[in-house]
Amino acid sequence: MIAVAQVAVPAPLPQWFDYLPPVGGTLPPVGSRVLVPFGKRRLVALVAGHAEVAESAALRSIEQTLDAGLIRPELMQLGRWAMRYYGSAPGEMVNLLLPPALRRLKSFRPAAPQWLSLTAAGRAAEARRAPRQAEVLGWLAEAPLERAELLDRGASAGVLRALLNKGWIVAGDAGAPRPPQPGPALNAEQRAALAALLRARHQSASFLLAGVTGSGKTEVYLQAARALVRRGRQVLILIPEIGLTPQLIRRVESRLGFPAHVYHSDRSESERLACWQAAADGRARVLVGTRSAVFLPLARPGLIVVDEEHDASFKQQDGARYHGRDVAVMRAHLLGIPVLLGSATPSLESLNNVEQGRYRLLQIRRRAGTAEPPTWSLADLRGQRGALESGLLASMRRHLDAGGQVLLYRNRRGYAPVLMCPACGWQADCLRCDAHLTLHQSVQRLQCHHCGATRKAPPRCPDCGEPDLLALGAGTERLEQDLKQQFADVPVHRVDRDSMSRRDEFARLLEEVRRGDPCILVGTQMLAKGHHLPGVTLAAVLDVDQALFSADFRAPERLGQAVCQVAGRAGRGDRPGQFVLQSRHPDHPLLEQLRRAEYLSFAACLLEERRAAGLPPSSALALLRAEAHQAESVRAFLEAAAKLMQHDEIEVSGPIPAILARRGGYWRYQLWLQSGFRGPLLAALPAWLDNLRSLPHARRVRWHLDMDPLEI
Ligand code: ADP
Ligand code: ZN
Ligand code: ZN
């Protein structure tokens with residue numbers, strides 16, 4: 001027998017690979033970054049374990065140990081758990097645990113983090129004739145900032161150079177510490193939440209902080225972070241959206257007196273490496289990042305916070321399909337530290353975990369300070385011309401005249417979701433998906449929002465020649481146009497992926513909106529997420545009807561969350577807020593329930609329904625998804641797969657077509673694997689997945705497992 005390293009190689013293959021120690025060297029410890037020959041290539045890989053095997057001529061040697069023991073055992077364990085739990089190829093571990101720069105063959109130097117701060121001259125300076133420079137001076141007046149952060153906010157490298165040359169700003173390797181601002185005195189519920197959390201600081205404990213929007217949850221995170229950082233611990237805060245970072249890091253700076261380190265996929269590879277190293281050696285005390293940051297190394301871990309824990313962006317939809325929140329909970333458990341999940345609209349999964357005694361519920365029932373919850377009303381869209389109900393239009397006028405801002409949520413970008421011919425009934429459909437094309441009028445194009453296909457909008461009906469085609473329904477683009485005509489006296493801002501293609505545009509807009517002048521914001525999901533916009537007094541959800549009749553069992557939950565989040569944007573300042581829900585089905589029981597109850601009782605009803613139907617989170621669900629150009633092959637593959645799963649405690653259903661049965665020319669089907677308890681499912685999956693690979697159709701279809709799927 002001979003000792004080998006079991007190596008995780010970044011290749012979509014279901015196993016570890018055995019390697020001998022480097023020639024003339026010793027076996028690198030688990031967690032080492034190594035260079036290995038793989039087929040004809042050389043790859044950067046991770047040592048995942050050690051084993052004894054029979055000597056064989058086929059064994060190759062590790063070419064070089066790049067960093068011995070780079071990844072700590074705790075993270076290696078987490079990586080192995082995630083691979084097993086999500087049924088991913090073991091090699092995916094390399095992608096999760098190493099930042100991109102460390103996956104490359106050529107060695108990489110981290111960008112020295114550059115913090116820029118104002119000099120005394122900069123403080124006194126007035127850059128009236130250079131508005132871009134003045135903007136940067138304004139930001140730095142609040143706190144020193146990382147160069148990368150300034151670039152994210154839209155400062156150009158040229159502007160920074162000009163300011164450095166004038167001596168108005170200086171660069172250093174860390175932001176100078178500043179006296180922390182104490183922040184508001186916490187109210188009783190906030191204090192109770194903070195105390196419970198800090199009491200648990202030496203143990204693994206999971207908390208769900210459910211607090212209505214604007215109730216001061218972030219203030220609790222910040223106070224907790226401050227207490228732990230003072231004790232020398234690191235705090236990791238996960239957020240769903242890159243767009244929320246500037247707002248949060250500004251608050252971290254103000255409460256803690258030093259800047260947070262930021263990790264997300266928009267940062268350059270060298271910046272991410274710098275952050276990764278600062279996390280690993282403990283220099284970074286507070287880390288803020290999106291889901292991939294859950295795998296950051298932590299030298300002195302103290303607390304993990306998952307903000308907006310209900311948000312679907314925490315789930316990765318390709319490669320290793322992990323859920324950042326659930327990995328965070330497991331990680332905190334392995335580390336023996338508390339994890340705090342926060343949301344105004346917690347997921348049914350987390351509420352179920354509270355009921356099962358796995359999470360402790362901390363509640364904040366009232367808005368912080370003097371802000372009151374908004375009043376609710378339903379606007380009946382039946383029999384109305386146009387996309388906005390007349391009562392809603394009148395309310396908008398009133399709020400704007402009173403100096404308020406208006407936020408309208410419509411989760412559909414583009415001009416119109418359907419283009420049709422009134423003469424012959426032709427509709428513009430995607431050739432490769434079961435979907436209509438969306439009309440984008442400003443660019444005169446039709447676009448498929450599922451596969452991305454686009455083509456020119458036809459000037460007349462391609463079937464019958466009718467010149468007057470009908471654009472049905474209103475997306476954000478059309479709403480913006482209509483609103484600009486009806487409200488010519490105030491700015492109308494559209495917020496969606498098309499209008500805010502660059503992130504700094506959105507940041508800039510938010511800045512402007514926070515200044516408080518009356519305006520109308522109309523946009524998609526981007527608008528609904530945790531932004532604090534104190535000037536908004538009227539918020540409305542323009543169309544919920546699609547979600548009311550969706551085939552997706554999660555649709556009511558998502559609807560409730562979107563509605564409460566949008567409602568929560570109204571009246572966060574000192575003026576009272578109003579919320580309007582517009583629908584053609586105002587009597588629908590779900591809307592009634594939402595209106596009468598606050599979110600937690602609404603969610604309790606939904607949870608009861610899921611239980612009655614045996615759906616998650618009362619059961620464990622995994623999907624085997626498959627797709628191919630021939631529907632026949634997909635079905636044959638899944639039928640054969642279903643036959644291979646023989647287990648008393650696992651119920652197999654399908655093949656079932658996906659809700660979008662054809663996308664990008666692929667037919668999509670899935671098998672549902674359900675079990676009352678997670679255990680049997682987790683135990684049975686690895687061997688089953690192995691067997692699938694030898695099925696006759698396995699190579700003709702694309703397939704993967706999705707554990708705890710969020711989309712069906
Ligand atoms: P959430 O994270 O729940 O949306 P935030 O922490 O952002 O809420 O708080 C909303 C607003 O209320 C912020 O401006 C915050 O500074 C303020 N705030 C929070 N807690 C208090 C408090 N105890 N007293 C007064 N104002 C508070
Ligand atoms: Zn026609
Ligand atoms: Zn398409």
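## Helix α6 and the sheet β8-β7-β9

Helix α6, which spans residues 157–166, lies across strands β7 and β9 and runs at about 100° to β9. The model described here is a predicted one, and the arrangements reported below are to be read in that light.

The sheet against which α6 is placed is open and consists of three strands in the order β8-β7-β9, with antiparallel pairing. Its edge strands are β8, at 145–146, and β9, at 169–172, each of which pairs on one side only. Strand β7 (residues 115–118) is joined to β8 by two bridges, the two strands running antiparallel, and within this pairing L116 stands opposite L145 of β8.

## Surroundings of Q133

Residue Q133 belongs to helix α4, which covers residues 131–142. With a relative accessible area of 12%, Q133 falls under the 20% limit and is therefore buried. When residues up to four places away in sequence are not counted, Q133 touches A127, V159, A162, L163, K166 and W168.

## Domain layout

The domain assignment divides the protein chain into domain 1 (2–73 + 84–102), domain 2 (115–172), domain 3 (188–360), domain 4 (375–414 + 474–611), domain 5 (416–473) and domain 6 (620–707). Taken over C-alpha atoms, the centres of domain 1 and domain 2 are separated by 45 Å.

## Strand β3 and its two partners

Strand β3 (residues 33–38) has six of its six residues buried, so the strand is largely enclosed by the rest of the structure. The burial applies to both faces, with R33, L35 and P37 on one side and V34, V36 and F38 on the other.

One partner of β3 is strand β4 (residues 41–53), to which β3 is joined by six bridges in an antiparallel arrangement; here V34 has A45 as its bridge partner. The hairpin formed by β3 and β4 has two residues between the strands, and in this hairpin G39 takes a positive phi near 60°. Strand β6 (residues 64–67) also pairs with β3 in the antiparallel sense, over three bridges, and in that pairing the bridge partner of R33 is D67.

## Strand β28 and its two partners

Strand β28, at residues 620–628, is mostly covered, with nine of its nine residues buried. On one side the buried residues are A620, A622, L624, A626 and A628, while on the other they are L621, L623, R625 and E627, and both faces of the strand are thus covered.

Nine bridges connect β28 with strand β30 (residues 666–675), and these two strands run antiparallel. A further six bridges connect β28 with strand β31 (residues 702–707), again with the strands antiparallel. E627 takes part in both pairings: its bridge partner in β30 is R668, and in β31 E627 stands opposite R702.

## Packing of helices α12 and α20

Helix α12 (residues 348–355) packs with helix α20 (residues 599–612) at an angle of about 85°, and the two axes are 10 Å apart. Since angles of 65 to 115 degrees count as roughly perpendicular, this angle makes α12 roughly perpendicular to α20.

On the side of α12 the contact is made by L348, L351, N352 and E355, and on the side of α20 by L600, A603, L606, L607, R610 and R611. Sorted by class, this contact of α12 with α20 comprises six nonpolar, one polar and three charged residues.

Technical notes:
Residues are numbered from 1 along each chain as its sequence is written. Chains are lettered from A and ligands numbered from 1 in the order in which they are written. This is a predicted model: local features need pLDDT of at least 70, side-chain atom pairs count only at pLDDT 80 or more; totals for chains, interfaces and linings use all residues. Side-chain values use heavy atoms; hydrogens and water are left out. Axes are lines fitted to C-alpha atoms, for helices over the stretch in contact, and angles run from 0 to 180 degrees between N-to-C directions. Helices (H or I, at least four residues) and strands (E, at least two) are DSSP runs, numbered from the N terminus. Angles under 35 degrees count as roughly parallel, over 145 as roughly antiparallel, 65 to 115 as roughly perpendicular and the rest as oblique. Contact means heavy atoms within 4.5 Å. Ala, Val, Leu, Ile, Met, Phe, Trp, Tyr, Cys and Pro count as nonpolar, Asp, Glu, Lys and Arg as charged, and the others, Gly among them, as polar. Buried means under 20% relative accessible area, exposed over 50%, partly exposed in between (1.4 Å probe, protein chains only). Two strands pair if DSSP finds at least two bridges between them. Domain bounds come from an automatic or database domain assignment.
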